[in-house]
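Visitor: I'd like to learn how to read charge pairs and sheets in a model like this one. Can we go through it together?

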Amino acid sequence: MTPPFDNPVAPFPGWKRHIYRLSRPVTDEDIAAFLGDEELYIRETASGTRAIIHKYGFVEINLVAGARHAEIWFNPDGGAYPQEYLDALLATRF
């Protein structure tokens, strides 16, 4: 099986990528919870369907149901706020 995040593509020039190891595999319910009022984008990859969630222009969260990792993109020029927001968001589910 191909790793879920083996071909990184930044959503915007200059954004930084981090891979987070999660305490358990991602479920469809996790994806729905993270989605909230945002629009869900789907990308088909060799490793499966990737759910792409944009959170208010601060972060982009890429999740694959069944994977134990999340690919996160954020704008480093946003200061500490995007990281704090992401940490709080991940803590609600993992």
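Visitor: Which side chains meet Asp30 and Arg93 style, in a salt bridge, and what counts as one?

Guide: Side chains of opposite charge can pair when their charged atoms come close. The rule here is a side-chain nitrogen of Lys or Arg within 4 Å of a carboxyl oxygen of Asp or Glu. Asp30 and Arg93 meet that way, at 2.8 Å from N to O. Asp30 sits in helix 1 and Arg93 in the segment after helix 2, 63 residues apart, so to speak a link between distant parts of the chain. Helices here are DSSP runs of H or I with at least four residues, strands are runs of E with at least two, and both are numbered from the N terminus.

Guide: Keep in mind that this is a predicted model, where local features need pLDDT of at least 70, side-chain atom pairs count only at pLDDT 80 or more, and totals for chains, interfaces and linings use all residues. Residues are numbered from 1 along each chain as its sequence is written, and side-chain values use heavy atoms, leaving out hydrogens and water.

Visitor: Is Asp30 buried or exposed?

Guide: Buried means under 20% relative accessible area, exposed over 50%, and partly exposed in between, with a 1.4 Å probe and protein chains only. Asp30 is buried at 0%, while Arg93 is partly exposed at 30%. Asp30 also forms a salt bridge with Arg24, the closest N and O atoms being 2.8 Å apart; Arg24 is partly exposed at 27%.

Visitor: How many salt bridges are there by this rule?

Guide: The count comes to four. One of them joins Glu71 and Arg50, at 3.3 Å from N to O. Glu71 lies in strand 5 and Arg50 in strand 3, so the pair ties together parts 21 residues apart in sequence. Glu71 is buried, at 1%, and Arg50 is buried too, at 3%. Arg17, Arg50 and Glu71 are linked in a network of salt bridges.

Visitor: In what order do the strands form the sheet?

Guide: Two strands pair if DSSP finds at least two bridges between them. Here five strands make an open, antiparallel sheet in the order 1-5-4-3-2. Strand 1 (16-21) and strand 2 (40-45) are the edges, each pairing on one side only. Strand 3 (residues 48-55) and strand 4 (residues 59-63) pair over five bridges.

Visitor: Which strands does helix 1 lie across?

Guide: Contact means heavy atoms within 4.5 Å. Helix 1 (residues 28-35) lies across strand 2, strand 3 and strand 4.

Technical notes: Axes are lines fitted to C-alpha atoms, for helices over the stretch in contact, and angles run from 0 to 180 degrees between N-to-C directions.
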